[in-house]
Amino acid sequence: MSSAPVAPARRYTVSVRALCEFTAKAGDLDLRFTPTPTARQGMEGHAIVASRRGEHYQSELALAIDHGALHVRGRADGYDADRQLLEEVKTYRGQLASIPDNHRHLHWAQLRVYGHLLCQAQGLERVNLALVYFEIGSQQETRLEESRSREELAELFGALCERFIGWAAQELAHRQARDAALEQLRFPHGDFRPGQRQLAEAVFRAHAGRRSLLAQAPTGIGKTLGTLFPALKAAPRQQLDKILFLAAKTPGRQLALDAAATLKGQGVLPLRVLELSAREKACEHPERLCRGDSCPLAQGFYDRLAQARAACLDAPLLDRASLRQIALAHQVCPYYLGSEMTRWSDVIVGDYNYWFDGGAMLYAMAQAHDWRVSVLADEAHNLVARARGMYSAQLSRASLRAARAVAPAAVAKLLEKIGRAWSAIGKQALLPYQVLEAMPPRFIDTLSAANNAISDHLAQVAVPLEPPLRDFHLEAMAFVRLAESFGPHSLLDLTRQDERNTVLAIRNVVPAPFLGPRFAQAHATTLFSATLGPWHYFADLLGMPKDTAWIDVESPFHASQLEVRVAQDISTRWQRRSASIAPITALMARQFRQRPGNYLAFFSSFDYLQQAQAALTRAHTDIPTWQQSRGMSEAEREAFLARFVMGGRGIGFAVLGGSFGEGVDLPGERLIGAFVATLGLPQVNEVNEQLRLRMQALFGAGYDYTYLYPGLQKVVQAAGRVIRTESDQGVVWLIDERFAQPEVQALLPAWWHVQANARVEPVDQESGC
């Protein structure tokens with residue numbers, strides 16, 4: 001009887017950078033050099049250094065070696081074979097003397113590991129090592145050199161590997177157990193909801209084909225579980241390292257955490273789930289700087305990190321609350337502990353910006369560590385607007401003056417230069433609103449110089465910047481970064497607010513050039529929402545790959561469940577808005593009396609909403625009402641939704657496209673109807689008209705891309721609050737004459753049966769009917 005074949009020993013692949021960061025980082029968390037040079041500046045700096053070397057200089061030298069179960073790999077910045085000189089290049093801004101010792105220690109560790117890999121690869125007995133610091137502003141190099149023998153480097157490398165190999169063995173065991181459990185994973189609810197299986201199969205196929213997917217699926221079918229489950233099932237065969245579940249708002253992230261908890265609840269599923277929170281929400285000491293001499297949770301951060309990291313692995317779910325509890329128990333920063341745990345988690349739940357933003361942390365880490373990731377983006381109809389915001393920036397003359405008033409003398413002089421360059425722009429742009437054809441080079445140069453000066457100042461002091469200077473610095477850095485990549489995808493404009501104040505803005509209109517690399521980096525990206533049509537709108541603006549798959553999931557709901565009525569004898573156009581209040585409130589009252597219950601009424605603005613509520617309250621005092629207000633806190637939003645109880649009666653007034661227009665689940669009698677006044681079209685103004693012109697020039701559909709499609713997405717989302725389960729019954733009133741137009745109705749859900757020019761029969765109030 002022959003013996004079974006022996007499985008090959010599994011190896012753990014780790015980059016040189018990751019190995020050194022895990023084993024050689026010590027001491028304080030120190031962010032005085034952040035924000036660091038941009039990725040583009042860093043690449044340009046490396047290129048400048050390489051251009052100064054001889055013709056035999058090798059850049060980006062790939063090196064790798066095995067050590068026990070470890071496979072260590074990376075790319076050395078440069079090697080001069082004639083001099084047997086290996087270089088590690090670090091770009092920075094400011095004063096070299098201010099770089100903390102623990103940063104330099106880490107840089108030397110990386111260089112020495114590359115030195116060992118080079119000696120082994122080329123049979124060298126000794127190698128010369130140079131740590132090259134390149135200052136972005138002055139383009140000056142500072143070189144620190146040493147010579148090491150093959151034996152010395154081997155000993156140093158071996159010590160680092162032995163410190164890491166125990167963790168690597170644990171990670172290999174976890175990955176093996178995770179993948180084995182996922183292979184056996186079964187859907188937690190026995191069977192799929194109608195439409196949910198169709199969605200899940202499409203997601204699974206997209207992962208198998210390494211393709212992006214646009215999935216339009218109706219509300220209420222369980223899209224969160226219908227996308228997360230197939231992505232997890234695909235993970236073992238596709239060798240996925242991470243699944244990133246990204247959402248636009250907090251409720252979407254909570255749904256993902258709940259779904260992950262449900263899946264983990266099946267027996268013992270070894271799945272590490274992490275929630276990432278914004279820095280301002282996770283920071284315990286917002287008044288302090290992120291450095292050891294200012295914040296107690298930054299002091300000795302790396303000395304205590306190992307124990308905190310180990311404790312995180314034992315947590316059932318690393319949501320914001322549990323991560324904070326562990327961090328404070330070990331006296332480390334919760335935000336940066338979360339950043340560390342992204343390396344060791346399987347499912348990461350967070351906001352869009354962690355992958356799609358220009359400085360996205362997860363995107364940068366996936367590139368640095370060669371992760372294979374699946375990206376799931378919930379409520380993806382929001383991504384166009386969110387991405388435009390990520391790649392837009394503005395500066396105001398008022399904020400410049402406020403920053404100059406509190407700036408130190410050296411910085412204040414540069415801010416004055418910005419003011420003079422700004423004035424020169426204003427002399428060429430005399431209209432109240434004017435689009436500028438090109439980026440003004442003098443202005444950008446002075447802005448860059450001021451940014452560098454503020455960064456230098458911040459590196460020298462142990463106190464935060466004054467808020468006006470801090471805010472201007474952040475805005476200016478964003479402006480300069482976007483100026484570097486300015487093109488047809490964006491507008492540059494100047495707005496005159498009054499005689500003294502102007503605003504300069506870079507407005508992104510087509511995020512595609514920025515998002516394309518994000519789709520290319522991911523193994524598979526799934527964008528899903530109840531409103532992802534028309535497909536070409538999202539494909540064009542987001543830069544979806546040409547082989548992107550798409551699916552329109554069949555609705556489990558039927559036309560008999562939802563009465564969709566169009567009040568086409570009412571116009572809600574801006575010019576007729578005042579006249580629309582009385583007929584709208586009369587319609588709402590008649591519908592409420594015909595079928596008492598809970599309703600949501602959506603209006604295009606707070607002013608319109610308040611006028612309508614006031615009119616309804618005056619004319620119909622017996623109908624309970626409540627309204628959304630500006631800037632509601634989380635507790636106030638919960639109180640608003642708490643009014644929608646089983647058996648309740650009343651009308652809640654909300655803003656179309658706001659926090660109650662999507663992501664709200666009020667099944668059964670908690671919500672039996674909705675009134676949607678207006679098409680939700682963006683306001684016609686100078687900025688949107690410029691956007692329309694650019695959309696027309698690029699895609700030949702200026703009005704549709706700027707006004708119609710975004711507006712109707714908000715309408716369908718709002719109406720989708722009514723029918724949440726297959727047993728729900730309800731009514732939606734679409735209030736505006738334009739809802740009767742064929743081109744508008746073509747953009748509404750196919751399962752709706754729209755009744756044009758519908759009316760509500762008056763009710764005999766005395767009979768109580």
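**Close-up views of a predicted model**

**View 1. An open sheet of seven strands.** In this predicted model, seven strands pair in parallel to form an open sheet, in the order β20-β21-β19-β22-β23-β18-β24. The edges of the sheet are strand β20 (625-627) and strand β24 (754-755), each of which pairs on one side only.

**View 2. Strands β18 and β23, with helix α21.** Within the sheet, strand β18 (residues 562-566) is joined to strand β23 (residues 730-735) by five bridges in the parallel sense, and Val564 stands opposite Val732 of β23. Helix α21 (residues 577-594) lies across β18, β19 (598-603), β21 (650-655), β22 (673-677) and β23, and runs at about 165 degrees to β19.

**View 3. The largest nonpolar core and the surroundings of Phe443.** This core holds 183 residues, among which Trp355, Phe443 and Phe479 touch the most other members; helix α3 (residues 101-122) supplies the largest share, nine residues. When its neighbours within four places in sequence are left aside, Phe443 is in contact with Leu395, Ile418, Ala421, Trp422, Ile425, Phe479 and Leu504. A second core, separate from this one, has 38 residues, including Ala215, Phe245, Leu376 and Ala549.

**View 4. The packing of helices α9 and α11.** Helix α9 (residues 301-313) packs against helix α11 (residues 334-341) at an angle of about 65 degrees, with the two axes 10 Å apart, and the crossing is right-handed. From α9, the residues Phe301, Leu305, Ala308, Arg309, Cys312 and Leu313 meet Tyr336, Leu337, Glu340 and Met341 of α11; the residues of this contact comprise eight nonpolar, no polar and two charged.

Note on methods:
Residues are numbered from 1 along each chain as its sequence is written. This is a predicted model: local features need pLDDT of at least 70, side-chain atom pairs count only at pLDDT 80 or more; totals for chains, interfaces and linings use all residues. Side-chain values use heavy atoms; hydrogens and water are left out. A nonpolar core is a set of buried Ala, Val, Leu, Ile, Met, Phe, Trp, Tyr and Cys residues joined through side-chain atoms within 4.5 Å. Buried means under 20% relative accessible area, exposed over 50%, partly exposed in between (1.4 Å probe, protein chains only). Helices (H or I, at least four residues) and strands (E, at least two) are DSSP runs, numbered from the N terminus. Contact means heavy atoms within 4.5 Å. Axes are lines fitted to C-alpha atoms, for helices over the stretch in contact, and angles run from 0 to 180 degrees between N-to-C directions. A crossing is left-handed if the near helix is turned anticlockwise from the far one by less than a right angle, and right-handed if clockwise. Ala, Val, Leu, Ile, Met, Phe, Trp, Tyr, Cys and Pro count as nonpolar, Asp, Glu, Lys and Arg as charged, and the others, Gly among them, as polar. Two strands pair if DSSP finds at least two bridges between them.
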